[in-house]
Amino acid sequence: MKPPKISRNPSVNRALLVTIVSMTLVFSFMTVLSVNAIQRSNLSTLREQDEFHAQHTALLVQDSFTFVAGMLTLVQKALGPMDLTSEVERATADGLLVSLMELNPNVVDSWFAFKRGVFEPGRYYIREFIRRNGVIENVPRDLDDSGVEDTEIQPWIAVPMIGGEVYFDGVEPYDYGEGIGYLHTATLAFPVRDPEGGLIGVCGIDIQYRGMFLPIDNPETVNAHSAILLSEDMRILHSRYPQIISENLADYLDVDALKDKNASVIVSPFTGERVLASLRAIPVSGTDWAIPLYSYLETPFGETDTAAGHVITLMVAAGSAGLGLLIFIVYISINSFVKPLRMLTADARQVAMGNLDVPFAAVTKGENPKNEVTELRHSLMIMVETLKNHLNVVEQRVDERTYELKLMTKEAEEAKNRAEEADIVKTQFLANVSHEIRTPMNAIIGMSDLMLSEELNTHLRRYAEDIKVSATSLLGIINDILDISKIQARKLSLVPAHFNFLTLLDNIDSIVGFLVSEKEIDFQISRAADLPRCLYGDDIRLRQILLNVLGNAVKFTEKGFVRLVVNYFRGEIEFIVSDSGIGIPNEELPKLFEAFRQADPKRNRYRTGTGLGLSITKSLVDIMGGEITVQSVYGQGSVFRITLPATLGDESLVAPDEKAVDAVYAPSAKVLVVDDNAINLNVACGLLRLCGITADTVLSGADAIRTAKRQVYDLIFMDHMMPEMDGNEATVILRRQGVTAPIIALTANAVAGSKELFLEAGMNDLLIKPIEKPLFNRILKNWLPPEKLETPPLREPSETERHDKFFDKLKEIKGLSPELGLKRISGQQDVYESSLRYMLRQIEKDRDVLTLSLNALDMRSFAITAHGLKGSLANIGASGLSDFALELESAAVKEDAVFCALNLSAFLLELDDLHAALTDAFALMKGEWSAAEIPPELPPIFANLERALDNMDFSGIELNMDTLTGMRLHGALGDAVRRIKDAVLIMEYDEAKDIIRKTLEGGDTQYGQRQG
């Protein structure tokens, strides 16, 4: 290879450059420090000079004004007692003014004036002297001047003469007449008083500023200090620059930044030079007067800057020469080292480019072996030889690893394909499982809904409700499995909407309240006062998050409390769920949010759950951009904290609650239901019958196509997964044939992406199996033609509804717990209802017995009656009144008539309140009927029963009561039969006959009304 051209070594160049730059920076830094020190010294000197001249200026102004004011005070005091009608004293007074001007050459005008009539009847007495061309002259004045006492025309006379105040004016120039012209002077005038203190005149002088400042304003000095005298409002009274007199200093610079501060370095607005500027107050005052003045002083830098410039120039020149010499010495010193180093660097560069055959001949033979460059050459030669050997080994190993990587890549590709195939199989499996499970679930839940819409007795209704609850619980597990599948496939998405946040919390309160009703758990929601009413987000998923966490808290808490605290701050919603449950072991906390895992499985083996709830909750919180944390003490409870970003919603955009859709009634609507499962068809048709709709049904997609050709439908419900032709294929064909009716996918396939497939096929909406009645009503209301929707006909409340209202009314009665009463008789509502009816009659009978027994002091009868009431009240769940009866019973046993007398009235009042409340509740059970509605076989049975009652024929009574029970009467008639049975049971035969009579007459059959 051709030897490379030797080039300058960049490293050596950088070393040289760094050395030069470093020395330059050090020299520059030292120069700056030196100049700074010089300027600080000069500035300090200038500040001292400025301070001296400021004090000197202030003393000049103070002395001038103080001296003049003192002389004027003497004149004021001398004029007061004078009688100027005397020629001698007039001459003396004139001499005082002249003497004052002679003693102070800065006074250009002196004068005094006495009021009209003081010395000359009807006339002022005024004397004035002016300095003209160095000569003091008398100025004649008009003694009848009408403007003397006018504060607008001649305030220097009028103000002291009328108001007795000292007058000072030092701003505007004044024309003193021929030979003098306008002068900038200060006017100072004092009032003159007679010996008794009365105002009789005024004396004053005008003093020019120019004379005061002659020692300072020296125009021949280039760098002389410039002093400016200012009034309190910063008007310029005197300056060496006449053109600015009477102007305001604030128009030239910021006076507030200078006032009462140390001298500041600025550029003079008058000369354009750099100066020290200061603004100081000059206190000029006397016993009863004060003149607020300020002085502005400029001290130019002048030759100080020039001297500093010479120093800088000298230092720069010396430093440049020194740096040049240093560079020359460095270059000469390293040249012998640089040249061989550059050659060796060129060889090293060849090695770096891949040429390992470099001879390293750049270094001359016979060099000192201890030379660093020679040692470096030998080291490089050894390194290159070693590198050659290693390179051969590395190349061999690279070939081997390349072959291995090819094999691994092929295996990874195959694994990826298998994983994708497994994911597809899993998705298809979940779709099939969803369909196969939801299909029978649809039948179970749908049939239970249809059963609950019928007239059922208490036991059958409870069984139907249990079936629906269990099926719904199983459906929740299926939904959890589908959710975790969507999350793992990253196909779970949020559906944000505007929703009522407070309503959501109320809904959660109701659901969790139901969950804790069978446990000794106190559940409460604590809401912050500033919670927003509406939010924007996925309220369904938010409800799922909260119910998952709260449901877990209830599940693992047997007694104690479950709390939900909701806070709002800084655009975030915080939910804190705490409980007093079994807690979570520390070793389980890191794995708490893993799927299919339940904390402490041994201890919780009797608690149901898939272990998916918290995993789904964590994933939903992450998707929403929030955070969930947990703290727990094993055996004491847990605290979950959920923080989610909150976006405020618009209340006007809140959609109505889907489950609050009114019942739909459309008897004229034509509806077709397509499903290959007969049970599902039965469920759908049953739900449609509740809406007054008689639907057509077919079992396949092909049948649906043929039927739709013959009949025009308003709505078609289409099953998805059917043999031979599925719902999507049938929909595509129907759309091609011109069928425009809305088609609703009726499917158990709830996996991700299913709705999109239905819409692409031409369907309009989706209804998931098992069918929920509120969502079913919403579909009908949204897609049936509006003209087909009618107002549902009014109907009489069913017996079941009246019983439901009856028990709701019982729950509102103060002091009565229907749950406790039903618990005592294993939930038999009919037995409990009979007990309440018996309680009404017992109250009516026993309240009078208690009163009569107490009046007769028959404490034994009183105790027996109270004892009976105690047991009856406890059996119906009136624990408070039962305890009250126990107290009365105990007192009666002890013959404590005083206690009984003091408390009986209160006890009877509570009994009457209970009687009235029960009577109102039973009124809800009352029905209305006419004589024509009474079955014809009923009156003969009633007649036989009355005869048996009159004759005390117990076998006849039992036979007729069995006949009445076997008739299974409903509504008000069934209610009347039950009350007849209760009356007979306690041998209240007259009451039973009264009910029979009122029933046959169609009158008020309500029991429990007090007579009299």
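A nonpolar surface patch here is a group of Val, Leu, Ile, Met, Phe, Trp or Tyr side chains joined within 5 Å, each residue having over 30% relative accessible area and no salt bridge. In this predicted model, Val 26, Phe 29, Met 30 and Leu 33 make up such a patch, and together they offer about 400 Å² of accessible area. A search of the whole structure also turns up eight aromatic pairs and 20 salt bridges. Here is a friendly tour, topic by topic.

**The nonpolar patch**

- Leu 33, one of the patch residues, sits in helix H1, which covers residues 10-79.
- Leu 33 counts as partly exposed because its relative accessibility is 43%.

**Aromatic rings**

- Eight aromatic pairs are found in the whole structure. Among them, Phe 112 and Phe 114 meet edge-to-face, with 5.6 Å from centre to centre and 70° between the planes.
- Phe 114 also pairs with Phe 119: the ring centres are 4.9 Å apart and the planes are at 80°, so this pair is edge-to-face.
- Phe 112, Phe 114, Phe 119 and Tyr 125 belong to one aromatic cluster.
- Phe 112 has 0% relative accessibility and therefore counts as buried. Phe 114 is buried, and Phe 119 is buried too.

**Around Trp 111**

- Trp 111 is part of strand S1, residues 107-114.
- With 5% relative accessibility, Trp 111 counts as buried.
- Trp 111 and Ala 189 are 78 residues apart along the chain, and their C-alpha atoms are separated by 9.1 Å.

**Helix H18 and the loop after it**

- Helix H18 runs through residues 829-855, 27 residues in total, and spans 39 Å from its first C-alpha to its last, close to the 39 Å expected at 1.5 Å a residue.
- At Ile 843, H18 bends by about 25°.
- Leu 857 comes just after H18 and lies in the loop between H18 and helix H19 (859-876).
- Although Leu 857 is not a glycine, its phi is positive, at about 55°.
- Leu 857 counts as exposed because its relative accessibility is 57%.

**A second positive phi**

- Arg 570, also a residue other than glycine, has a positive phi near 50°.
- Arg 570 is found in the loop between strand S17 (559-569) and strand S18 (572-579).
- At 73% relative accessibility, Arg 570 counts as exposed.

**Salt bridges**

- Side chains of opposite charge can pair when their charged atoms come close.
- Arg 127 and Asp 94 form a salt bridge, with the closest N and O atoms 2.5 Å apart. Arg 127 is in strand S2 (residues 125-132) and Asp 94 is in helix H2 (residues 87-103), so the pair ties together parts that are 33 residues apart in sequence.
- Arg 127 is partly exposed at 22% relative accessibility, whereas Asp 94 is buried at 14%.
- Lys 870 and Glu 889 form another salt bridge, at 3.4 Å from N to O. Lys 870 belongs to helix H19 and Glu 889 to helix H20 (residues 879-893), so this pair links parts that are 19 residues apart in sequence.
- Glu 889 is buried, with a relative accessible area of 15%.
- Asp 994 and Arg 997 meet in a salt bridge at 2.4 Å, N to O. They are three residues apart in helix H25 (residues 989-1001), so about one helical turn separates them.
- Asp 994 is partly exposed at 25%, and Arg 997 is partly exposed at 39%.
- Arg 90, Glu 120 and Arg 123 are joined into one network by salt bridges that share partners.

Key. Residues are numbered from 1 along each chain as its sequence is written. Side-chain values use heavy atoms; hydrogens and water are left out. Patches are made of residues with over 30% relative accessible area and no salt bridge: like charges are joined within 9 Å, nonpolar side chains (Val, Leu, Ile, Met, Phe, Trp, Tyr) within 5 Å. Accessible areas come from the Shrake-Rupley method with a 1.4 Å probe; for residues, only the protein chains shown count as cover. A salt bridge is a side-chain nitrogen of Lys or Arg within 4 Å of a carboxyl oxygen of Asp or Glu. Helices (H or I, at least four residues) and strands (E, at least two) are DSSP runs, numbered from the N terminus. Buried means under 20% relative accessible area, exposed over 50%, partly exposed in between (1.4 Å probe, protein chains only). The expected span of a helix is 1.5 Å times one less than its number of residues. The bend at a residue is the angle between axes fitted to the seven residues ending there and the seven starting there. Rings of Phe, Tyr and Trp (its six-membered ring) pair if their centres lie within 6.5 Å; planes under 30 degrees apart count as stacked, over 60 as edge-to-face and the rest as tilted.
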